Amino acid sequence: MEADSFNAQRRYQNAESALELAGASSVSVQARLAYLKHRSNPAEGWAVLKTIQKPTPEVYRFQARMLERDGKVEDAEKAYHAALNGNASDIFLMDEVAEYYRRNGNMPRALSIWSKILLPSTPEEIWAKALFFARVSGHPLDC
């Protein structure tokens with residue numbers, strides 16, 4: 001998604017514009033837009049998120065990010081668990097939850113989640129393994 005590329009480049013205004021041009025075409029787009037708006041105006045971001053009628057794992061993921069940004073760490077953890085309950089096999093979500101635990105000082109929990117990702121060997125899991133070893137070793141991937 002173009003907006004994700006802009007977001008990764010820290011071109012937040014461009015990312016927000018791309019999502020607004022896409023319109024409220026999906027719950028995922030609405031959740032991303034709420035997250036981006038929350039960066040500059042938390043109240044506006046929460047207002048957009050509250051318009052979403054049916055939360056999905058993607059909505060809970062962005063809700064967790066927003067809660068963590070607001071310093072509501074325990075609520076963020078609950079939202080991450082709600083996301084995992086809806087999509088427990090998403091290795092990228094699992095990695096994000098593990099990162100949440102690492103950022104908040106719970107390395108044993110992070111390692112436990114990362115180790116679950118390491119068991120299978122599909123191409124997606126290989127990338128997850130690479131991320132795991134990059135983070136544990138302290139040597140980020142240069143992709």
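Student: How do you know that the distance between the end C-alpha atoms of helix α6 agrees with its 14 residues?

Tutor: In this predicted model, helix α6 covers residues 73–86. At 1.5 Å a residue, its 14 residues should span 20 Å, and the end C-alpha atoms are 20 Å apart, so the two values agree.

Student: Which residues of α6 are buried, and what makes them lie on the same side of the helix?

Tutor: The buried residues are A76, A79, Y80, A83 and L84. Around the axis they cover an arc of only 140 degrees, which means that they share one side of α6. An α-helix has 3.6 residues a turn, so residues three or four places apart point the same way.

Student: What does the opposite face of α6 carry, and against what do its buried residues pack?

Tutor: The face turned away from the buried side carries the exposed residues E74, K78 and N85. The buried residues of α6 pack against α5 (57–69) and α7 (91–103).

Student: What makes E58 and R32 a salt bridge?

Tutor: The closest N and O atoms of E58 and R32 are 2.9 Å apart, and the cut-off for a salt bridge is 4 Å. The pair therefore satisfies the definition.

Student: Which parts of the chain does the pair of E58 and R32 tie together?

Tutor: E58 belongs to helix α5 and R32 to helix α3 (residues 27–40), so the bridge ties together parts that are 26 residues apart in sequence. Both E58 and R32 are buried.

Student: How do you know that E96 and R61 form a salt bridge, and where do the two residues lie?

Tutor: Their side chains meet at 3.1 Å, N to O, which is within the 4 Å cut-off and therefore counts as a salt bridge. E96 lies in helix α7 and R61 in helix α5, 35 residues apart, and the pair links distant parts of the chain. E96 and R61 are both buried.

Student: What is the N to O distance between R103 and E68, and which helices does that pair tie together?

Tutor: The side chains of R103 and E68 meet in a salt bridge at 2.7 Å, N to O. R103 is in helix α7 and E68 in helix α5, so parts that are 35 residues apart in sequence are tied together.

Student: Why is R103 called partly exposed, and why is E68 called buried?

Tutor: R103 has 42% relative accessibility. Partly exposed is the class between under 20% and over 50%, so R103 counts as partly exposed. E68 has 18% relative accessibility; buried means under 20%, so E68 counts as buried.

Student: How many salt bridges does the structure hold, and which residues are linked in a network of them?

Tutor: The structure holds 8 salt bridges. R32, E58, R61, R65, D90 and E96 are linked in a network.

Student: Which residues make the nonpolar surface patch, and why is L111 called partly exposed?

Tutor: M107, L111 and V136 make a nonpolar surface patch of about 220 Å². L111, found in helix α8 (residues 107–117), has 34% relative accessibility and therefore counts as partly exposed. Residues in a patch need over 30%, a condition that L111 meets at 34%.

Student: How many helices and strands does the chain have, and what percentage of its residues count as buried?

Tutor: The secondary structure comes to 9 helices and 0 strands. Of the 143 residues of the chain, 37% count as buried.

Key: Residues numbered from 1 in each chain as written. Predicted model: local features only at pLDDT ≥ 70, side-chain atom pairs only at ≥ 80, totals over all residues. Heavy atoms only, no water. Patch = residues over 30% accessible without salt bridge, like charges linked within 9 Å, V, L, I, M, F, W, Y side chains within 5 Å. Areas by Shrake-Rupley, 256 points an atom, 1.4 Å probe, with all protein chains shown as cover. Helix = DSSP H or I, 4+ residues; strand = E, 2+ residues; numbered from the N terminus. Buried < 20%, exposed > 50% of the residue type's maximum accessible area, 1.4 Å probe, protein only. Expected span 1.5 Å × (residues − 1). Arc of directions from axis to C-beta. Contact = heavy atoms within 4.5 Å.
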